[in-house]
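Reader: Could you take me through this model one feature at a time, giving the general idea first and then the case at hand?

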Amino acid sequence: MTTHYWLFKSEPSTFSITDLENRPKQTEPWNGVRNYQARNMLRDQIKVGDLAFFYHSNCTPPGIVGIVKIVKAGYPDDSAWDAASPYFDPASPPNRPRWFMVDVKFVRKIEPMITLTDIKNHPLLSGMQVAKRGNRLSITPVTVEEWRAIEMLR
DNA sequence: GCCAACGTTGGC
DNA sequence: GCCAACGTTGGC
């Protein structure tokens, strides 16, 4: 089976690559995605063994800070039916889940980080979705060429 | 803190 | 089904 590549955004003040590294099993459910396009990828396309860049957004500077591996494929996001969760969504009850998540496992940090500026300035990376103006998708596909180009950098 | 870009909502 | 209003994202 072919490995596919992704980029997962997270605000480090909410959940950082270091938070993931420090989890007892270095594993975490990637919950809280509330966008249909990203949901479809989580539910239908992202498979066990796929790899993803961990991207820190809404911080200074934004950029790629590590690599994670998918260890559990799409399953219902239970934070949607937890009234105490910031991701609570009564429109996604357990018997009819609307939102999905995957489990990710820490692979390694990328140090120093590859900043958004680095990405925009790199001929093989400047076309990445995350570098596009107005891009807000928290999960985006990464091509094998882009993946290799970034691995070559560090 | 600003604000452009985007997705969602809801009135009609 | 249209589209204006609104809330959110996220770079700067």
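The dialogue below goes from the overall fold to the sheet, the backbone, one loop residue and the DNA.

Author: Before we begin, please keep in mind that this is a predicted model.

Reader: Let us start with the fold: how many helices and strands are there in chain A, and what pattern do they follow along the sequence?

Author: A useful habit is to count the elements and then to read their order. Chain A has four helices and six strands, and, read along the sequence, they come in the pattern β-α-β-α-β-β-β-α-β-α. The radius of gyration of chain A is 15 Å, close to the 15 Å that the globule rule gives for 154 residues, so chain A is as compact as a globular protein of that length. Along its principal axes the C-alpha trace spans about 45 × 30 × 30 Å.

Reader: What share of the residues in chain A is buried, and what share of the contacts joins residues at least 24 apart?

Author: Burial and contact range are two separate readings, and I would take them in turn. Of the 154 residues in chain A, 44% are buried. For contacts between residues at least 6 apart in sequence, 73% join residues that are at least 24 apart. As for the outside, the accessible surface of chain A comes to about 8300 Å², and carbon and sulfur atoms contribute 50% of that surface.

Reader: Turning to the strands, which of them pair with β3, and in which sense, parallel or antiparallel?

Author: To read a sheet, one follows each strand to its partners and notes the direction of every pairing. Strand β1 (residues 5-10) pairs with β3 in the parallel sense over six bridges, and within this pairing Y5 stands opposite L51. With β4, strand β3 pairs in the antiparallel sense, again over six bridges, and the bridge partner of A52 in β4 is V68.

Reader: Where does β5 come in, and which strands does β5 pair with?

Author: Strand β4 (residues 63-76) pairs with β5 in the antiparallel sense over 10 bridges, with K105 in β5 as the bridge partner of K69. Strand β5 (residues 100-115) is also joined by three bridges to β2 (residues 27-29), and these two strands run antiparallel; there E28 stands opposite V104.

Reader: Are the faces of β3 covered or open?

Author: For a strand, one looks at alternate residues, side by side. On β3, both faces are covered, with L51, F53 and Y55 buried on one side and A52, F54 and H56 buried on the other. Six of the six residues of β3 are therefore buried, which leaves the strand mostly covered.

Reader: Which backbone features deserve a second look, and why?

Author: Most residues other than glycine have a negative phi, and most peptide bonds are trans, so departures from either pattern can be picked out. A cis peptide bond joins T60 and P61, with omega about -10°, and P61 is found in the loop between β3 and β4. Another cis peptide bond, with omega about -5°, joins E111 and P112, and P112 lies in strand β5.

Reader: And where do the residues with positive phi lie, Q26 and N58?

Author: Q26, whose phi is near 55°, is found in the loop between α1 (17-22) and β2, and with a relative accessible area of 26% Q26 is partly exposed. N58 has a positive phi of about 55° although it is not a glycine. N58 sits in the turn of the hairpin formed by β3 and β4, which have six residues between them, and N58 is exposed, its relative accessible area being 64%.

Reader: Is D89, in the loop between β4 and β5, buried or exposed?

Author: A loop position does not settle the matter, and one should look up the accessibility itself. D89 lies in the loop between β4 and β5, and at 17% relative accessibility D89 counts as buried, because the cut-off is under 20%. Leaving aside residues up to four places away in sequence, D89 touches R34, A80, R98 and W99. The C-alpha atoms of D89 and R34 are separated by 9.2 Å, although these residues are 55 apart along the chain.

Reader: Finally, which residues are around DNA strand B?

Author: One lists the neighbours, and then asks which part of the strand they meet. The residues around DNA strand B are Y36, R133, G134 and R136, and sugar and phosphate account for 67% of the atoms of that strand that come within 4 Å of the protein. By class, this surface has one nonpolar, one polar and two charged residues.

Note on methods:
Residues are numbered from 1 along each chain as its sequence is written. Chains are lettered from A and ligands numbered from 1 in the order in which they are written. This is a predicted model: local features need pLDDT of at least 70, side-chain atom pairs count only at pLDDT 80 or more; totals for chains, interfaces and linings use all residues. Side-chain values use heavy atoms; hydrogens and water are left out. A residue is near a molecule or strand if one of its heavy atoms lies within 4 Å of it. Ala, Val, Leu, Ile, Met, Phe, Trp, Tyr, Cys and Pro count as nonpolar, Asp, Glu, Lys and Arg as charged, and the others, Gly among them, as polar. Two strands pair if DSSP finds at least two bridges between them. The radius of gyration is taken over C-alpha atoms; the globule rule is 2.2 Å times the number of residues to the power 0.38. Buried means under 20% relative accessible area, exposed over 50%, partly exposed in between (1.4 Å probe, protein chains only). Contact means heavy atoms within 4.5 Å. Accessible areas come from the Shrake-Rupley method with a 1.4 Å probe; for residues, only the protein chains shown count as cover.
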